[in-house]
Amino acid sequence: MMLNIRNMFLIAIVLLKNTFKLWLSINLWTEKMSRETQKICPRCGEPYRWIYRENIHGRSYLYAVHEYIDENGRKRRRKCYLGPEGNYEYVSATHDLEFYGLTKEDRYIRYLEEIIDLFDVDEPVPTDPEEFKKEFENIMRTKSLVKKISYKIDERLRKIIETIISDIEASIDLLKRDYPDNPQAQEILKELSKFDDELERSNLIKSFRILKEDVLRTYIERYLLLKNRLKIYNL
Ligand SMILES: [Zn+2]
């Protein structure tokens, strides 16, 4: 009887020890994970542990959950309200967070997409003179901004095409100069020259504005394929 109690006691100790070890390793792992995926709360600027979603009457409300140690050394939690899920305010407040690491170009595309979502064409036009005037002025301002964006985008596209053309021509010159006896290089050179001629004939530098997107894309794809083959010559 004595022996049985002693054995049970030992077994209990071993079990407790193993549970503690498991608890410790889980804790260390979650600590590591949270450090690696630390995100900053858009409301208070402090890092948060996770986003908490609360469902009330079929709508989701989001909170950033912060953990901290209080003056008595106890772990505490506090929540920052971020707004309803899918709400523009929340999206814009966390924008740089959500798309963190993306390029500037990528980010403005997201902004534009959100603006398009905000635009409700079917909304009734107000007939109150004050409201009507405001609406009209806003629309005119938007229209002029869209024109400016369109102009800038065309300018950027022109620059992209100019870059392609000058890059192709530089590659042609270099292959001619550095690899005159390399048959493989001369093969690529032939294709580059053909491509260069086509670009010139299509007058891409001017025609890109009226060109269909898929036609423009075939030029870009061809350029990228050639670039891929030029890699071995460091071009
Ligand atoms: Zn916060």
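**Close-up A. The exposed face of helix H6 in the predicted model.** On the side turned away from its buried residues, H6 carries the exposed residues Pro 183, Glu 187, Lys 190, Lys 194, Asp 197, Glu 198 and Arg 201. The helix runs over residues 183-201, and its 19 residues reach 27 Å from the first C-alpha to the last, close to the 27 Å expected at 1.5 Å a residue. Just after H6, Asn 203 takes a positive phi of about 50°.

**Close-up B. The buried face of helix H6 and what covers it.** The residues Ala 185, Ile 188 and Leu 192 of H6 are buried. Seen down the axis of H6, its buried residues fall within an arc of 65°, and they therefore line one face of the helix. The cover over these buried residues includes helix H5 (129-178) and helix H8 (213-230). For Leu 192 in particular, leaving aside residues up to four places away in sequence, the contacts are Ile 168, Ser 171, Ile 172 and Leu 226.

**Close-up C. The largest nonpolar core, made up of eight residues.** Its members are Ile 161, Ile 164, Ile 168, Leu 175, Ala 185, Ile 188, Leu 192 and Tyr 223. H5 and H6 each supply at least two residues of this core, and the largest share, four residues, comes from H5.

**Close-up D. Helix H5, with its buried residues and their packing partners.** H5 has 50 residues and reaches 73 Å from its first C-alpha to its last, which is close to the 74 Å expected at 1.5 Å a residue. Because the number of buried residues is four of the 50, H5 lies largely in the open. The buried residues of this helix are Ile 161, Ile 164, Ile 168 and Leu 175, and they pack against H6, helix H7 (204-207) and H8. All four of these names, Ile 161, Ile 164, Ile 168 and Leu 175, appear again in the largest nonpolar core.

**Close-up E. An open sheet of three strands in the order E3-E4-E5.** The pairing in this sheet is antiparallel. E3 and E5 stand at the edges, each with a single partner strand, so one side of each is left without a neighbour in the sheet. From one strand to the next, the twist averages 35°.

**Close-up F. The hairpin of strands E3 and E4.** These two strands pair in the antiparallel sense over seven bridges, with two residues between them, and His 57 in the turn has a positive phi of about 50°. Two of the pairings can be followed by residue: Trp 50 has Val 65 in E4 as its bridge partner, while Arg 53 stands opposite Leu 62 in E4.

**Close-up G. The hairpin of strands E4 and E5.** Strand E4 (residues 59-69) and strand E5 (residues 75-84) pair in the antiparallel sense over nine bridges. Five residues lie between the two strands, and Gly 73 in the turn has a positive phi of about 75°. One of the pairings joins Tyr 68 to its bridge partner Arg 76 in E5.

**Close-up H. The surroundings of Arg 53 in strand E3.** Arg 53 is found in strand E3, which covers residues 50-56. This residue is exposed because 10 other C-beta atoms lie within 10 Å, where a count of 12 or fewer is the cut-off for an exposed residue. Not counting residues up to four places away in sequence, Arg 53 touches Ser 60, Leu 62 and Glu 85. The C-alpha atoms of Arg 53 and Ala 64, which are 11 residues apart along the chain, are separated by 8.9 Å.

Notes
Residues are numbered from 1 along each chain as its sequence is written. This is a predicted model: local features need pLDDT of at least 70, side-chain atom pairs count only at pLDDT 80 or more; totals for chains, interfaces and linings use all residues. The expected span of a helix is 1.5 Å times one less than its number of residues. A residue is buried if 20 or more other C-beta atoms lie within 10 Å of its own, exposed if 12 or fewer, and partly exposed in between; C-beta atoms are placed from the backbone. The arc is that of the directions from the helix axis to the C-beta atoms. Two residues are in contact if their C-beta atoms, placed from the backbone, lie within 7 Å. A nonpolar core is a set of buried Ala, Val, Leu, Ile, Met, Phe, Trp, Tyr and Cys residues joined through C-beta atoms within 7 Å. Two strands pair if DSSP finds at least two bridges between them. Axes are lines fitted to C-alpha atoms, for helices over the stretch in contact, and angles run from 0 to 180 degrees between N-to-C directions.
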